[in-house]
Structure formats: structure tokens, C-alpha cells
There are 2 protein chains.
Amino acid sequence: MTTPEIAPTSAGADGRLPDGLDTPCLVVDLGIVERNTRLITSQLAQRRVALRPHTKTHKSVRLARVQLDAGAQGITVGNLGEAEVMRAGGIEDIFVAYPLWAVGPKAHRLRALLDGGPLIVGLDSVAAAERLAAAAGGAAQPLSVMIEVDPGNRRTGVRPEQAGRTAAAARSLGLDVAGVFAFGGHAYQGVDAVAAAAADEVDTLTRAVESLRAEGIESRVVSAGSTPTALGAATGLVTEIRAGTYLLGDRQVRALAARAMDGLALRVAATVVSTAVEGQVVIDAGAKILAKDQAPYIDGFGELVGYPGAIVERLFDYHGVVRIPPGTRPPHLGEVVAVLPNHACPVVNLVDDFVVLREGAFVDRWPVDARGRNG
Amino acid sequence: MTTPEIAPTSAGADGRLPDGLDTPCLVVDLGIVERNTRLITSQLAQRRVALRPHTKTHKSVRLARVQLDAGAQGITVGNLGEAEVMRAGGIEDIFVAYPLWAVGPKAHRLRALLDGGPLIVGLDSVAAAERLAAAAGGAAQPLSVMIEVDPGNRRTGVRPEQAGRTAAAARSLGLDVAGVFAFGGHAYQGVDAVAAAAADEVDTLTRAVESLRAEGIESRVVSAGSTPTALGAATGLVTEIRAGTYLLGDRQVRALAARAMDGLALRVAATVVSTAVEGQVVIDAGAKILAKDQAPYIDGFGELVGYPGAIVERLFDYHGVVRIPPGTRPPHLGEVVAVLPNHACPVVNLVDDFVVLREGAFVDRWPVDARGRNG
């Protein structure tokens with residue numbers, strides 16, 4: 001590791017919040033956001049690898065612009081709804097890193113996007129390629145596709161040795177095969193899994209590139225990554241990294257990918273509404289704003305900034321029960337506290353906008369433009 | 001038990017979906033909804049107890065109207081945002097069953113609601129009562145409050161023997177003390193915990209009523225319940241039940257409260273987008289529509305209707321990985337499947353509207369009016 005670990009409550013995590021917030025709400029520190037994206041962009045640039053951030057993390061056109069302004073070469077999205085919102089926001093270069101099944105309304109939506117600019121879409125089956133080709137047929141420009149290969153995450157993606165056959169079928173259907181992509185999501189099992197998952201991405205993609213080459217197809221784009229594997233996978237034939245969570249940060253990536261970030265920019269601001277039951281306080285941030293993601297290497301559903309050991313232990317829809325370690329000072333009834341969530345992506349999707357700060361001072365409210373766009 | 005258990009895939013769960021749905025989306029069968037609310041209303045009426053359904057489950061004015069039309073005496077909400085939406089929808093009798101901390105924007109919002117009609121709010125501290133009284137001061141009508149007591153859920157609520165003192169303080173501040181309420185959320189630990197949690201609600205509320213009486217305050221309203229404890233707690237001094245999830249149903253309440261429901265009305269419609277990895281299929285319903293609620297008595301994050309043993313085993317933001325039991329027929333690539341979620345409340349909050357069906361036929365799309373209203 002070349003940079004120090006982010007300490008649990010450091011890096012902008014002093015918990016300062018402006019007065020008068022109507023809780024619960026989401027707060028993002030723009031200074032940390034800018035430093036995070038400059039850091040990873042420059043670290044990747046040193047490796048001659050581009051950043052194509054996954055914008056499902058923030059679903060915000062303005063935050064995508066911050067990433068592009070700092071040198072990202074385009075964006076990644078998780079579905080057509082996000083692509084539509086980002087395109088409407090003026091962003092041209094979009095990769096839908098998802099095995100789209102383009103029939104019915106989705107076929108029409110895909111075609112409308114393609115008529116408005118270049119588009120790259122993932123696939124992991126010949127049957128999906130057939131639907132994509134039918135949906136894109138007759139468009140002014142060809143639809144570009146990326147063949148997904150599975151680096152051991154066991155979610156989506158063909159085996160690397162099948163990639164060439166799938167790519168050849170896609171090409172014969174009139175699709176433009178841009179290259180191959182992989183997601184080493186098994187990195188999220190724990191810090192000990194991260195380096196191996198990054199190596200799996202590189203190895204799988206290398207074999208996929210060879211498989212395409214055997215069919216006479218050269219991969220212009222070789223796309224890897226997640227925030228944990230971002231730096232480890234930026235090597236060999238890999239041309240771009242699709243990290244997303246690094247921008248806002250959360251307890252998961254703090255544990256797995258500290259060297260890829262300068263700080264944690266996202267907080268849930270909450271008010272202590274009950275201290276009636278001993279040994280705990282209850283805040284007005286529940287499952288409907290903190291989400292219920294858990295991981296074996298972090299306890300509970302969130303932590304209170306500035307209150308070491310104060311963990312959100314139980315979540316109801318609108319109540320978060322925070323355990324107060326014996327002998328420590330609890331926040332008082334009515335106090336506004338800052339909560340670090342476990343996983344930024346589902347949290348952002350639960351609000352219509354976030355409060356944007358810089359160094360703790362109010363800047364603006366920015367909409368979560370693609371909130372609720374699930375397909 | 002007076003009515004049979006709901007079988008895993010019965011009661012409207014035949015999975016029939018109309019053609020042309022753009023997945024993922026939420027589907028609600030209105031026939032089942034109507035039968036569910038008639039059933040619980042009549043079961044409670046036999047016990048001379050009213051239903052005040054918790055509308056955080058559906059956040060829909062139109063579904064609240066279905067409940068009121070079937071005999072519910074008013075509604076429960078979890079925060080001011082939901083109260084504002086329901087009031088704007090023309091619903092008068094609203095109980096905010098939450099220990100509101102009414103300062104800043106919330107004080108103004110509370111006052112506006114009170115100026116528009118009667119309002120009942122929960123509290124579990126004298127300090128909260130002081131803020132409520134200040135916010136409500138000078139309004140045309142008094143603010144009604146309910147004292148929350150803890151029946152062993154260890155979340156919010158004073159001990160029953162403290163309830164009278166808290167109530168007396170509230171009364172001396174000019175608040176109208178309507179009565180007491182409790183939530184036996186520990187019923188959700190498992191089916192063996194349900195009867196005891198219901199008994200805890202009744203016992204705690206009985207002691208709270210006595211505590212108020214010792215201060216010269218008679219409880220007009222004694223409010224208990226959740227869907228699991230609804231029928232068990234509808235006894236003794238209890239005057240109303242605040243069940244919510246019974247209306248739509250989910251895997252949790254199917255396991256805990258089958259006799260309170262006629263069927264499960266809620267489905268997530270999803271498309272199989274990948275079959276590339278053996279032994280599983282991947283659907284386009286991930287954590288951002290199924291939510292990540294789990295319980296020890298149900299496996300995974302959801303189940304596929306009509307495919308016994310097909311469980312949503314892993315969730316990514318937009319991918320649900322469904323395990324297919326060996327030797328069983330999987331859904332095919334591109335098939336639209338119906339998923340039963342674990343917990344209805346967070347799922348509804350993740351979409352802007354749902355597709356309303358009756359007997360499998362399309363009726364309309366209804367908005368989730370209070371989606372994202374968290375405070």
C-alpha cells in the first residue's frame with residue numbers, strides 16, 4: 001500500500017453539519033468528492049489506464065460532470081434508465097455495463113438512445129445479441145457491445161474461452177464489438193479477497209482478449225474493476241476501470257479500498273429522537289435511508305461520526321437503534337448526528353436530492369437525477 | 001388458528017403477469033388487497049377493536065382509501081412527510097406513530113398540518129412534549145399525543161410505570177393526551193415469538209393505562225399492533241390495531257401472520273437477463289428494488305413464484321442471482337418472472353408507482369405518493 005489507511009473518523013469525517021437541516025437527509029462534501037476523483041484518475045493515469053466511473057453510485061448528472069472534468073473518459077451506468085438521464089444531462093460517452101435483454105419497451109428505449117449518440121452495451125449471450133441487433137437495426141450508427149466474462153464472481157458473464165464465439169456471433173449480427181469487460185465482485189468478500197479478485201479480472205480479461213483474437217476480433221476496450229479492485233486490475237491489457245463507490249465512500253470501501261480514496265464524502269444526517277431505552281439512542285434514520293447492506297468485516301448498519309463504537313445495531317423503517325458503548329458519552333436527545341453508511345449506492349437511491357457542502361459549509365442541493373431508475 | 005395457513009405459492013400467487021411490462025416493476029393485485037383488508041377489519045370488529053392501518057407499507061393515498069372504505073377508522077403514518085401526503089390526499093384522521101422531535105422545519109410542518117385538521121403524534125419523553133407543545137402553541141385546536149410504551153421491543157417507548165408521569169407533563173404543557181401505544185416488533189424474531197409479543201403489548205398497555213389513570217388521565221385510545229401481533233393483541237383494553245404489511249403481504253408476514261391475510265398481493269416483475277453461469281439464473285431485480293431485508297426464518301432475498309426452491313440468493317444493485325435447485329426446470333432467458341419479496345415496506349419505497357392488476361389483468365398504474373418521504 002502506497003498511501004495510508006483512512007482512519008475510521010478522519011478524512012473530512014469530523015461530522016460538522018450546517019444548522020437547520022431537516023433530518024434525515026444525505027450530505028455530500030464536494031471537496032472530498034473532488035479529491036477522491038482526482039486521486040484515482042491520477043493513480044490510473046500513472047498506469048496508463050482510463051477511468052470510466054460507474055455512476056449508479058450517485059445517479060447525479062452533476063457528480064458525473066465532476067468526474068469527467070477531472071479526467072474520466074466516459075461513464076458507466078447500470079441500466080437504460082440511468083443512460084437516459086445521463087444522456088439528457090448532456091453526457092455523450094455511456095457504457096451500459098449490463099446484459100440488457102432488449103425487447104418491448106426496452107428495445108424502443110435502446111433505439112432512442114442510439115439515435116441520440118454513440119452507445120455501448122454489455123452482453124453475455126448470443127440470444128441477447130440477437131435482441132440488441134434487432135433493436136438497433138437501421139440506426140444511423142452501429143450499436144457497440146462489450147462481451148462480459150466472469151472472473152469468478154459467478155454472477156454474469158461467459159467463460160473467457162467462450163468470449164470469442166459470443167463476440168463473433170455479435171459481429172455477424174451487425175453489432176460493433178468494442179471489447180470485453182469483467183466485474184470481480186468477489187472482492188467484496190473481505191480485504192483478503194481483494195488482490196486475488198483483481199488478478200482474476202486481469203487474467204480472465206487477458207484470456208477473453210485472446211479468445212476474441214482467435215476469431216479475428218481485436219478488443220479496443222478491456223474494462224475491469226470496482227473500487228476495491230481498481231488499482232490492482234489497472235495492469236496488463238486492461239484499458240479502463242469502472243470504479244464507482246470510491247467517489248462518495250462508505251464503510252465497505254473504507255475497509256477494502258482505502259488507498260483508492262482520500263476520504264469519505266457521504267453522511268446521513270439524523271436526529272436523536274429517543275433515549276428512552278437504556279444503553280442506546282434512537283435516530284430518525286432507519287432502513288428507508290440507510291439501507292440494509294451488511295458485510296462480515298463491518299458491524300451493524302452504520303456508525304456515528306465522532307462517537308467511537310456507536311454502531312447502528314438495528315434498523316426499522318424510520319428508526320435506527322444505536323448502541324452506545326458502556327462508559328462513553330452518548331449524543332443527547334435532539335442532537336443532529338452524522339452517520340457513515342455501509343454502502344453508498346442504495347443509500348443515494350433512497351433520496352430525491354442531497355445537501356452539498358464544502359468544508360462543512362452549505363453549497364447547494366443537488367438532485368439524485370436517476371433516483372429510482374431501476375431498468 | 002381459525003383460518004388455514006397461506007401456502008407458499010397460493011392465494012393469487014399464480015404469477016400471471018400482463019404482457020409488455022418494462023421490468024423491473026412492482027405489481028399489486030387489487031382483489032387480494034381488498035380481501036386482505038376486509039378480512040382483518042372483520043376479524044378485529046368481532047373483537048370490537050378498530051383498524052388504523054400503518055400506511056408506511058404502501059405510501060399510497062389510493063390504497064389508504066381502499067382501507068378506509070373497508071372500515072378502517074383512520075390511518076397511521078411514520079413521519080410528517082407521509083402525514084403531509086395523506087392529508088393532501090384528503091385523509092383527515094392521521095396518527096404519526098413516531099416520537100417526533102419538532103424543531104426547525106419540522107415544527108413549522110407540524111403546525112401547518114395541525115392548522116389543516118386534527119393530528120395525533122407519538123412521544124416518549126418530556127423533552128419531546130415540550131417541543132411539540134411549542135410547535136402547536138396557539139393553534140385553533142390542541143395537538144393530540146399518544147404516549148409510547150415499550151413492550152419489550154427495546155426500540156422506543158417509556159416503561160409503562162413511567163407513562164403516567166410523561167402523560168401528566170404533556171397535559172400540563174397544553175397537549176391533549178389521547179392515550180397510549182406500543183409496538184411489539186420483537187414478534188418479527190420468528191413465529192414462536194408472535195404470541196408472546198402480542199401478550200407483551202396487551203400487558204404493557206394495560207399497565208400504562210393504569211399509570212395514566214393514577215394521574216387522573218383516562219386513555220381514549222389504546223393502540224397496539226403490527227401484522228404479526230394484530231389478532232393476538234386485539235383484546236383487553238386495546239381499542240385499535242396498527243397493522244400495515246397485511247395489506248400487500250410478503251414472505252416475512254406469510255411466515256408470521258398467515259391467519260391475518262387472505263393472500264400475498266405484491267410481486268416484483270423481473271426479466272431473466274443471464275443464464276451464463278451454471279445452476280442459476282440472473283434477473284434484473286436487484287437490491288435497488290427487492291431491498292436487502294432478511295430474517296432467520298426465510299432464506300435469501302425473495303423467491304420466484306411458480307418455481308419451487310428458486311430463491312434469490314445474492315443481490316447486487318441491479319442483479320438478483322437466483323439459485324435453481326438441481327433437477328428442476330429453470331425459467332428461460334428473457335422470461336418475465338414474479339418475485340415475492342421478503343419485506344413489502346422498503347420495496348414499495350423504491351419505486352415511483354406500481355402496476356395495479358385485478359385477477360391478473362391490468363387495471364391502472366398508481367403512484368407511490370409518499371415515496372422517499374423519510375422525515
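**Exercise 1. Helix 3 of chain B**

In helix 3 of chain B, the buried residues are B:Leu80, B:Gly81, B:Glu82, B:Ala83, B:Val85, B:Met86 and B:Arg87. The model is a predicted one. Work out how enclosed this helix is, what it packs against, and what stands at its two ends.

*Solution.*
Step 1. Set the buried residues against the length of the helix. Helix 3 of chain B covers residues 80-88, and seven of its nine residues are buried, so the rest of the structure largely encloses it.
Step 2. Find the partners. The buried residues of this helix pack against helix 2 (61-69), strand 3 (75-77), strand 4 (94-99) and helix 4 (105-115) of chain B.
Step 3. Look at the start. There, a side-chain oxygen of B:Asn79 comes to within 3.1 Å of the backbone nitrogen of B:Gly81.
Step 4. Look past the end. B:Gly90 follows the helix, and its phi is positive, near 95°.

**Exercise 2. Backbone exceptions**

Locate the residues of chain B other than glycine for which a positive phi is listed here, B:Arg48 and B:Arg154. Then find the cis peptide bonds that involve A:Pro24 and B:Pro24.

*Solution.*
Step 1. Recall the background. Most residues other than glycine have a negative phi, and most peptide bonds are trans.
Step 2. Take B:Arg48. Its phi is near 60°. The residue sits in the loop between helix 1 (30-46) and strand 2 (50-51) of chain B. B:Arg48 has a relative accessible area of 79%. The cut-off for exposed is over 50%, so B:Arg48 is exposed.
Step 3. Take B:Arg154. Its phi is near 55°. This residue belongs to the loop between strand 6 (144-148) and helix 6 (160-172) of chain B. Its relative accessibility is 44%, so B:Arg154 counts as partly exposed.
Step 4. Turn to the cis bonds. In chain A, one joins A:Thr23 and A:Pro24, with omega about -5°. A:Pro24 is in the segment before strand 1 (25-29) of chain A. In chain B, a cis bond joins B:Thr23 and B:Pro24, with omega about -5°. B:Pro24 is in the segment before strand 1 (25-29) of chain B.

**Exercise 3. The fold of chain A**

Decide whether the radius of gyration of chain A agrees or disagrees with that of a compact globule.

*Solution.*
Step 1. Count the elements. Chain A has 11 helices and 17 strands.
Step 2. Compare radii. For 375 residues, a compact globule would have a radius of gyration near 21 Å; chain A has 21 Å, so the two agree.
Step 3. Add the dimensions. The C-alpha trace spans about 70 × 40 × 35 Å along its principal axes.
Step 4. Check burial. Of the 375 residues in chain A, 66% are buried.
Step 5. Check the contacts. Among those between residues at least 6 apart in sequence, 69% join residues at least 24 apart.

**Exercise 4. Where chain A meets chain B**

Describe the interface by its area, its residues and its polar links.

*Solution.*
Step 1. Start with area. About 4900 Å² is buried between chain A and chain B, and carbon and sulfur atoms give 51% of it. In chain A, A:Arg155, A:Tyr318 and A:Asn374 lose the most area to chain B, together 15% of what that side buries.
Step 2. Count residues. Contact involves 59 residues of chain A and 59 residues of chain B.
Step 3. Count polar links. The interface holds 10 salt bridges and 36 residue pairs in polar contact. One salt bridge links A:Lys56 with B:Asp317, the closest N and O atoms being 3.4 Å apart.
Step 4. Sort by class. The side of chain A that touches chain B has 21 nonpolar, 18 polar and 20 charged residues.

Technical notes. Residues are numbered from 1 along each chain as its sequence is written. Chains are lettered from A and ligands numbered from 1 in the order in which they are written. This is a predicted model: local features need pLDDT of at least 70, side-chain atom pairs count only at pLDDT 80 or more; totals for chains, interfaces and linings use all residues. Side-chain values use heavy atoms; hydrogens and water are left out. Contact means heavy atoms within 4.5 Å. Buried area is the accessible area (1.4 Å probe) that two parts lose on being put together, summed over both. A salt bridge is a side-chain nitrogen of Lys or Arg within 4 Å of a carboxyl oxygen of Asp or Glu. A polar contact is a pair of N or O atoms within 3.5 Å; within protein, one must be able to donate a hydrogen and the other to accept it, and residues adjacent in sequence count only if both atoms are side-chain atoms. Ala, Val, Leu, Ile, Met, Phe, Trp, Tyr, Cys and Pro count as nonpolar, Asp, Glu, Lys and Arg as charged, and the others, Gly among them, as polar. Helices (H or I, at least four residues) and strands (E, at least two) are DSSP runs, numbered from the N terminus. The radius of gyration is taken over C-alpha atoms; the globule rule is 2.2 Å times the number of residues to the power 0.38. Buried means under 20% relative accessible area, exposed over 50%, partly exposed in between (1.4 Å probe, protein chains only).
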